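Work through these exercises with the structure open beside you. Try each task before reading its solution.

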Amino acid sequence: MTDQMTAPVAQPLDELGPVDWIVVEFPGSRFRGEIIPTLEQLVRSGTIRVLDLVLIRKGEDGSLDISELSEVDESELGVLRAYETELAWLLSEDDVAAVAEVIEPGSTAALLVWENAWAAPFASALRHAGGHLVDSGRIPVQALIQAIEEEESEDAGEGE
């Protein structure tokens, strides 16, 4: 993402939690909204706050159809409109163009930016205590699953 992701914020910046983004591609444009109830539950429970969401459809010919959350059909993501925040429109045109470059023709992708609302109180306390983030990372779920399966396989081999 670029450094151009700025927007007016209604809540004090000190009360924000960590912000993440993902791009999820649905080959063959087979996105039918099955993930929406889970995303909605995460928002309702206060675990996350959707800051921006963009749908990108790439035609077989490479043509693009880009839709912000406010423009998306009710049958797809419309239920999430109620959760749209003042921070919507965080993504720049350059951000969306960079994502569109990696999407396969004939696919639909969702570009989602969210605040980890559950972590906001801790992040605020950390800042008030004079601490600051030095490094961060994420272990892909696929890597964890693979490591667990390898360990289980080794353990099963030792038991024989």
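**Exercise 1.** Is Ile 148 buried, partly exposed or exposed?

*Solution.* The model is predicted. Start with the number: Ile 148 has a relative accessible area of 48%. Next, apply the cut-offs: buried means under 20%, and exposed means over 50%. Ile 148 therefore counts as partly exposed. Now place the residue: Ile 148 sits in helix H4, which covers residues 141-158. Finally, look at its partners. Ile 148 joins Ile 139 and Leu 144 in a nonpolar surface patch of about 290 Å².

**Exercise 2.** Describe the largest pocket: its space, its lining and the elements that build that lining.

*Solution.* Begin with the space. The largest pocket holds about 460 Å³. Then turn to the lining, which is made by 19 residues. Nearest the centre of the pocket lie Gly 17, Pro 18, Val 19, Leu 133 and Ser 136. Sort the lining by class: 10 residues are nonpolar, six are polar and three are charged. Last, find the elements. Strand E1 (19-26) and helix H3 (120-128) each supply at least two lining residues. H3 gives the most, with four.

**Exercise 3.** How many salt bridges does a search of the whole structure find? Examine the one between Glu 40 and Arg 44.

*Solution.* The search finds four salt bridges. Side chains of opposite charge can pair when their charged atoms come close. In the bridge between Glu 40 and Arg 44, the N to O distance is 3.9 Å. Both residues lie in helix H1 (residues 36-44). They are four residues apart, about one turn of the helix. Check the cover over Glu 40: its relative accessible area is 17%. The limit for buried is under 20%, so Glu 40 is buried.

**Exercise 4.** Which residue forms a salt bridge with Arg 49, and where in the chain do the two partners lie?

*Solution.* The partner is Glu 115, and the closest N and O atoms are 2.7 Å apart. Arg 49 belongs to strand E2 (residues 49-58), and Glu 115 to strand E4 (residues 107-115). With their positions 66 residues apart, the pair links distant parts of the chain. Both Arg 49 and Glu 115 are buried.

**Exercise 5.** Are Asp 65 and Arg 57 buried, partly exposed or exposed?

*Solution.* First, the contact: Asp 65 and Arg 57 form a salt bridge, with the closest N and O atoms 3.9 Å apart. Asp 65 has a relative accessible area of 40%, so Asp 65 is partly exposed. Arg 57 has 23% relative accessibility, so Arg 57 also counts as partly exposed.

Definitions and conventions: Residues numbered from 1 in each chain as written. Predicted model: local features only at pLDDT ≥ 70, side-chain atom pairs only at ≥ 80, totals over all residues. Heavy atoms only, no water. Patch = residues over 30% accessible without salt bridge, like charges linked within 9 Å, V, L, I, M, F, W, Y side chains within 5 Å. Areas by Shrake-Rupley, 256 points an atom, 1.4 Å probe, with all protein chains shown as cover. Salt bridge = Lys/Arg side-chain N within 4 Å of Asp/Glu carboxyl O. Buried < 20%, exposed > 50% of the residue type's maximum accessible area, 1.4 Å probe, protein only. 1 Å grid on protein atoms, 1.4 Å probe; cavity = no way out; pocket = protein on both sides within 12 Å on 5 of 7 lines; lining within 4 Å. Points joined across faces, edges and corners; volume = space filled by probe spheres on them. Nonpolar A, V, L, I, M, F, W, Y, C, P; charged D, E, K, R; others polar.
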